[in-house]
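Open the structure in your viewer and keep the selection tool ready. The tour below goes stop by stop, with something to select at each one.

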Amino acid sequence: MIAIVLCNFCEGHRLVLDGAVTGAAGSVNDISVQYIADGEVLAAPTGAGDRVVLTDSSGARVSVCVTPPPVADTDTQAALFDEGAGTAPTPDVALPGALTIGGVVSGLPALSDIPVQYTIDGVAASTTTDAGGAYAIEVPIGSNVTVTPSPQYGFLVEPSSYAICGVANSVGERNFLYARGAGQVSISGSLSDLIGHVSSAQITYLVNGVPFRATTNVQGLYAVSVPAGSNVVIEPPAIENYEAAPERRALTGIRADTAAQDFQYGLPPSKALIVGHVSGLLKNADVPVDFTIDGEEHTAATDRHGVFRIIAPTGATVAIQPPFRAGYGVEPTRYELDGVRGNMFGQNFLYRVMR
């Protein structure tokens with residue numbers, strides 16, 4: 001059995017892993033030890049006395065997993081090493097199936113929909129936090145995983161990453177704490193339209209002429225941090241058929257936290273919004289609702305709440321029909337709207353199981 005025993009781990013400006021490669025017959029020399037640093041697969045050779053020293057002096061914190069090399073006619077065992085520990089821990093017995101790695105993001109003005117990047121055996125992916133800032137990742141047993149928080153302009157974050165090697169059990173408390181940098185102030189606001197929040201929309205904000213972007217959360221809220229004294233211009237994203245009010249917001253020499261930088265989307269007088277709701281199905285999201293505008297056929301899909309939207313020219317004739325679902329009846333079976341004038345709500349369809 002070959003194993004790597006990690007003797008010490010120094011975080012901060014310099015990282016040193018000092019380990020020995022050994023086998024049943026003694027030391028193993030002149031082979032390459034593979035390790036993962038911040039998701040990048042690297043290698044270091046063992047030297048005299050079967051020692052391996054991995055060093056990074058870039059000034060950034062580095063998360064590392066170490067995996068022993070394959071040797072002919074010999075089984076290998078990866079070192080289970082989680083950052084912050086002085087030696088490789090002994091793994092507990094793993095349960096079958098996928099395991100979970102999770103934690104909480106804190107310190108930001110808005111905690112939902114914060115991207116969290118991770119790698120599983122070098123394959124990159126990402127997830128987002130929920131409304132409380134929590135995230136969870138499912139990983140295979142025995143995999144090497146790194147978890148990295150997304151950079152947020154004007155904020156520092158600790159730690160910069162986690163490494164969990166040879167995952168044997170579900171792992172929690174892999175938390176990330178953001179802190180506003182010195183001399184920073186926050187700007188926050190919301191995006192909304194005629195029926196509610198505009199989520200997952202990307203605003204653009206210019207700090208002294210330099211463009212940055214931020215994304216609204218599920219409540220339509222955004223928050224950014226900028227250096228005190230900056231001149232800031234905030235622009236909402238363009239949404240087809242809609243007009244934003246105001247078109248932009250300009251803040252000159254901002255020196256204090258500033259809230260309520262909101263944007264409201266509406267339709268021009270030449271357009272009308274028709275809103276309805278589908279309910280009663282096992283899944284009310286992504287239901288295709290057929291409609292015609294002056295005889296021209298279209299389809300609108302319901303959102304995750306079962307709501308559909310139709311934008312029609314003012315004065316148009318609109319017919320709306322729900323889809324057939326086997327085993328269900330639906331009421332009503334159709335809406336006929338002649339000469340639409342103004343926004344219309346309540347064009348709802350209720351499905352019931354047929355008995």
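Start with Arg174, which lies over the face of Tyr162, 5.6 Å from the ring centre. A charge sits over a ring if NZ of Lys or CZ of Arg is within 6 Å of the ring centre and within 35 degrees of the ring normal. Arg249 is placed over the face of Phe263, at 5.7 Å from the ring centre.

Before going on, note that this is a predicted model: local features need pLDDT of at least 70, side-chain atom pairs count only at pLDDT 80 or more, and totals for chains, interfaces and linings use all residues. Residues are numbered from 1 along each chain as its sequence is written, and side-chain values use heavy atoms, with hydrogens and water left out.

**Aromatic rings**

Keep Tyr162 selected and add Tyr135 and Phe176: ring pairs link Tyr135, Tyr162 and Phe176 into a cluster. Rings of Phe, Tyr and Trp (its six-membered ring) pair if their centres lie within 6.5 Å; planes under 30 degrees apart count as stacked, over 60 as edge-to-face and the rest as tilted. How many aromatic pairs does a search of the whole structure find? The search finds eight. One of them is Tyr328 with Tyr351, an edge-to-face pair with 6.2 Å between the centres and 85 degrees between the planes. Tyr328 is in strand 29 (residues 328–331) and Tyr351 in strand 32 (residues 349–353), so the pair ties together parts 23 residues apart in sequence. Helices (H or I, at least four residues) and strands (E, at least two) are DSSP runs, numbered from the N terminus.

Are Tyr328 and Tyr351 buried or exposed? Both are buried. Buried means under 20% relative accessible area, exposed over 50%, and partly exposed in between (1.4 Å probe, protein chains only).

**A loop arginine**

Select Arg334, in the loop between strand 29 and strand 30 (335–337). Arg334 has a relative accessible area of 40%, so the residue counts as partly exposed. Its side chain makes polar contacts with the side chains of Gln321, at 2.9 Å, and Glu336, at 2.6 Å. A polar contact is a pair of N or O atoms within 3.5 Å; within protein, one must be able to donate a hydrogen and the other to accept it, and residues adjacent in sequence count only if both atoms are side-chain atoms. Now measure from Arg334 to Phe349: the two are 15 residues apart in sequence and 8.7 Å apart in space, C-alpha to C-alpha.

**Two buried strand residues**

Go to Phe155 in strand 13 (residues 155–158). With 13% relative accessibility, Phe155 is buried. Setting aside residues within four places in sequence, its contacts (heavy atoms within 4.5 Å) include Leu108, Tyr178 and Ser225. Next select Thr204 in strand 17 (residues 202–207), which is buried at 17% relative accessibility. Beyond four places in sequence, Thr204 touches Phe212, Arg213, Val233, Ile234 and Glu235.

**Nonpolar cores**

Finish with the largest nonpolar core, which has 23 residues; Ile187, Leu191 and Tyr205 are among those that touch the most other members. Such a core is a set of buried Ala, Val, Leu, Ile, Met, Phe, Trp, Tyr and Cys residues joined through side-chain atoms within 4.5 Å. Strands that each supply at least two of its residues include strand 16 (184–192) and strand 20 (230–235). For the last selection, take Val278, Ile310, Val318 and Ile320, which are included in a second, separate core of 22 residues.
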